[in-house]
Amino acid sequence: MIRAGIIGGAGYTAGELIRLLVNHPQAEIAFVHSTSNAGNRLAQVHGGLEGDTDMRFCDSYDLAAADVVFLCSAHGRSREFLAANALPEGLRIVDLA
């Protein structure tokens, strides 16, 4: 099982990624980060997920809880994220910005 974290979870790209991951038999979503939607259910923002997950957005994250982190923030924000966070050894980053 691969544990995935998502940064910038409220955008269109993240919504499609979440849809793929919640239905993938070998993936588990560790966290979906969005400061502006923290506490809201994912399906409140991404309506197509209604019935697929009861997960909620979080405003903090534990990078060590994930094997891979997908960056779905606005263009140029990935560099800021990488500069601001210490990455655990072996963590894979996929930039979808």
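Strands, such as the one in which His33 lies, are DSSP runs of E with at least two residues, and they are numbered, like the helices, from the N terminus. With this convention, the place of His33 in the predicted model is in strand β2. The description below moves from the whole chain to the sheet, then to the nonpolar cores, and finally returns to His33.

The chain contains 3 helices and 4 strands, and from the N terminus on these elements follow one another in the order β-α-β-α-β-α-β. The radius of gyration of the chain is 12 Å, which is close to the 13 Å given by the globule rule for 97 residues, so the chain is as compact as a globular protein of that length. Taken along the principal axes, the box filled by the C-alpha atoms is roughly 35 × 30 × 20 Å. Of the 97 residues in the chain, 38% are buried, while the area that the chain exposes is about 5,600 Å², with carbon and sulfur atoms supplying 48% of this area. When contacts with a separation of 6 or more are considered, 64% of them are accounted for by residues 24 or more positions apart.

The 4 strands form an open sheet, in which the order is β2-β1-β3-β4 and the pairing is parallel. Strands β2 and β4 (92-95) are the edge strands, each of them pairing on one side only. On average, and with direction ignored, neighbouring strands of this sheet are turned by 20° against each other. Between β3 and β4, which run parallel, there are 4 bridges, and Val68 has Arg92 in β4 as its bridge partner.

In soluble globular proteins, nonpolar side chains tend to be buried together. In the present model, the largest nonpolar core has 16 residues, and the members that touch the most other members are Ile6, Ile18, Leu21, Val32 and Phe70. Two or more residues are given to this core by each of β1 (2-7), α1 (12-22), β2 (27-33), α2 (42-45) and β3 (68-71), and the largest share, 4 residues, comes from α1. Apart from its neighbours within four places in sequence, Ile18 is in contact with Ile6, Gly9, Ile29, Val32, Leu42, His46 and Leu49. A second, separate core consists of 9 residues, among them Ile7, Cys58, Leu63 and Leu71.

Leu21, which is found in helix α1, offers a more detailed view of the largest core, of which it is a member. The relative accessible area of Leu21 is 12%, and the residue is therefore buried, since the limit for this class is under 20%. Once neighbours within four places in sequence are left aside, the contacts of Leu21 are with Ala4, Ile6, Ala27, Ile29 and Phe70. Leu21 is also 19 residues away from Ile2 in sequence, and the distance between the two in space is 10.0 Å, C-alpha to C-alpha.

His33, the residue of strand β2 named at the start, likewise has a relative accessible area of 12%, and it is buried because this value falls under 20%. With neighbours within four places in sequence again left aside, His33 is in contact with Ile6, Ile7, Gly8 and Gly9, and also with Cys58, Asp59, Ser60 and Tyr61. Among these contacts of His33 are Ile6 and Ile7; Ile6 belongs to the largest core, whereas Ile7 is included in the second, separate core.

Technical notes. Residues numbered from 1 in each chain as written. Predicted model: local features only at pLDDT ≥ 70, side-chain atom pairs only at ≥ 80, totals over all residues. Heavy atoms only, no water. Core = buried A, V, L, I, M, F, W, Y, C linked by side-chain atoms within 4.5 Å. Buried < 20%, exposed > 50% of the residue type's maximum accessible area, 1.4 Å probe, protein only. Contact = heavy atoms within 4.5 Å. Pairing = 2+ DSSP bridges. Axes fitted to C-alpha atoms, helices over the stretch in contact; angles between N-to-C directions. Rg over C-alpha atoms; globule rule 2.2 N^0.38 Å. Areas by Shrake-Rupley, 256 points an atom, 1.4 Å probe, with all protein chains shown as cover.
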